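Visitor: I am new to this structure. Could you walk me through the ligand site and some unusual spots in the backbone?

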Amino acid sequence: MPRDGEPVVHSFDSVSSTQRAARDLLEGGRARVGDIVVADQQTDGRGRFGRVWTSPPGGLYATFIVPSDRLLALRAGLAAARALEALGAAVRLKWPNDLVVGERKLGGILIEANADVARVGIGINLTTSPLGDATSLLDLGVRADRDTLVRAIHSELMAQESEAGILDSYRARSATLGRSVRVDAGAGRTLDGRAVGIDALGRLLVETRDGVDAVSSGDCLHAPIVG
Ligand code: BTN
């Protein structure tokens, strides 16, 4: 039985995906807002845009069940970045919420939501980085206890904070602002330009040859830094 204020953690050795496990638990009435689903490995881990999230043992794979919120994509990235910073990892956020160190990806976030409840799935490379252009906490010389990190992310995610506070803290950790970007905004819309801002709704503002466009969701690539 969890103590007052402690989250309920649904812990698995192996699941297809903690996102799916969380959905099943919610649908079965066995989980609620505030709960966490965590697994040692995933056999069918999922990333954004239908990508595969390779999930061997030694990584952090967790889904946090939280209230839906219009700034959740930014709030979730910020929560993970703050928890990682507390361990000494100099993490920044590639819009909207990739956790990056330099140009290398340390972790990613997949959010699935309805009007009231969201499942925030977070994957962080702790000891291994399954992809060649990624990194891990161990690569950075940081040793992390998974369960302690999961709880730290949870308390950051559940903390009350004003939208202005979230936006300021997010912008301060942005790896995207000021960069040349290509954003695939879906429905055949691709923007090439410079990331010049993040607005009050968390949208990325991209200055293209035709003016400034606001993108509410999409796949953002940074142009390589030359020199
Ligand atoms: C991305 O960068 O594409 C998002 C990756 C999200 C991976 C996490 S791991 C825990 C949760 N379960 C999943 O299947 N995906 C998310």
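Guide: Here are some questions and answers on this predicted model.

Visitor: Where does the ligand sit, in a cavity or a pocket?

Guide: Start with how much of the ligand is covered. An oxygen atom of the ligand is 2.6 Å from an N or O atom in the side chain of Lys105. The protein covers 99% of the 410 Å² of accessible area that the ligand has on its own. As for the place, the ligand sits in the largest pocket.

Visitor: Which residue offers a backbone N or O atom 2.7 Å from an oxygen atom of the ligand?

Guide: The nearest residues around the ligand are Ser17, Gln42, Arg46, Arg48 and Lys105. Ser17 uses a polar side-chain atom, 2.8 Å from a ligand oxygen. The backbone atom at 2.7 Å belongs to Arg48.

Visitor: Which element gives the most residues to the shell around the ligand?

Guide: Four elements each supply at least two shell residues: α1, β3, β6 and β7. One of them gives four residues, the most of any, and that is β6.

Visitor: How many residues of the shell are charged?

Guide: The shell around the ligand has 20 residues. Six of them are nonpolar and ten are polar. The charged ones number four.

Visitor: Is Gln19 buried or exposed?

Guide: Gln19 is in helix α1. Its side chain makes a polar contact with the side chain of Thr63, at 2.6 Å. The side chain of Gln19 also reaches the backbone nitrogen of Gly121, at 3.2 Å. Relative accessibility is 3%, and buried means under 20%, so Gln19 counts as buried.

Visitor: Which peptide bond is cis?

Guide: Look at the loop between β4 and β5, where Pro96 is found. The bond leading into Pro96 has omega near 0°. The cis bond therefore runs, by its omega value, from Trp95 to Pro96.

Visitor: Is Phe49 buried, partly exposed or exposed?

Guide: Phe49 lies in the loop between β2 and β3. Phe49 has a positive phi of about 55°, although it is not a glycine. Its relative accessibility is 47%, and exposed needs over 50% while buried needs under 20%, so Phe49 counts as partly exposed.

Visitor: Is Ala187 buried or exposed?

Guide: Ala187 lies in the loop between β8 and β9. Ala187 has a positive phi of about 55° and is not a glycine. At 91% relative accessibility, which is over 50%, Ala187 counts as exposed.

Key: Residues are numbered from 1 along each chain as its sequence is written. This is a predicted model: local features need pLDDT of at least 70, side-chain atom pairs count only at pLDDT 80 or more; totals for chains, interfaces and linings use all residues. Side-chain values use heavy atoms; hydrogens and water are left out. A residue is near a molecule or strand if one of its heavy atoms lies within 4 Å of it. A polar contact is a pair of N or O atoms within 3.5 Å; within protein, one must be able to donate a hydrogen and the other to accept it, and residues adjacent in sequence count only if both atoms are side-chain atoms. Accessible areas come from the Shrake-Rupley method with a 1.4 Å probe; for residues, only the protein chains shown count as cover. On a 1 Å grid over the protein atoms alone, a cavity is a set of points where a 1.4 Å probe fits but cannot get out, and a pocket is an open set with protein on both sides within 12 Å along at least five of seven lines; lining residues have an atom within 4 Å of a point. A molecule sits in a cavity or pocket if more than half of its atoms lie within 2 Å of its grid points. Ala, Val, Leu, Ile, Met, Phe, Trp, Tyr, Cys and Pro count as nonpolar, Asp, Glu, Lys and Arg as charged, and the others, Gly among them, as polar. Buried means under 20% relative accessible area, exposed over 50%, partly exposed in between (1.4 Å probe, protein chains only).
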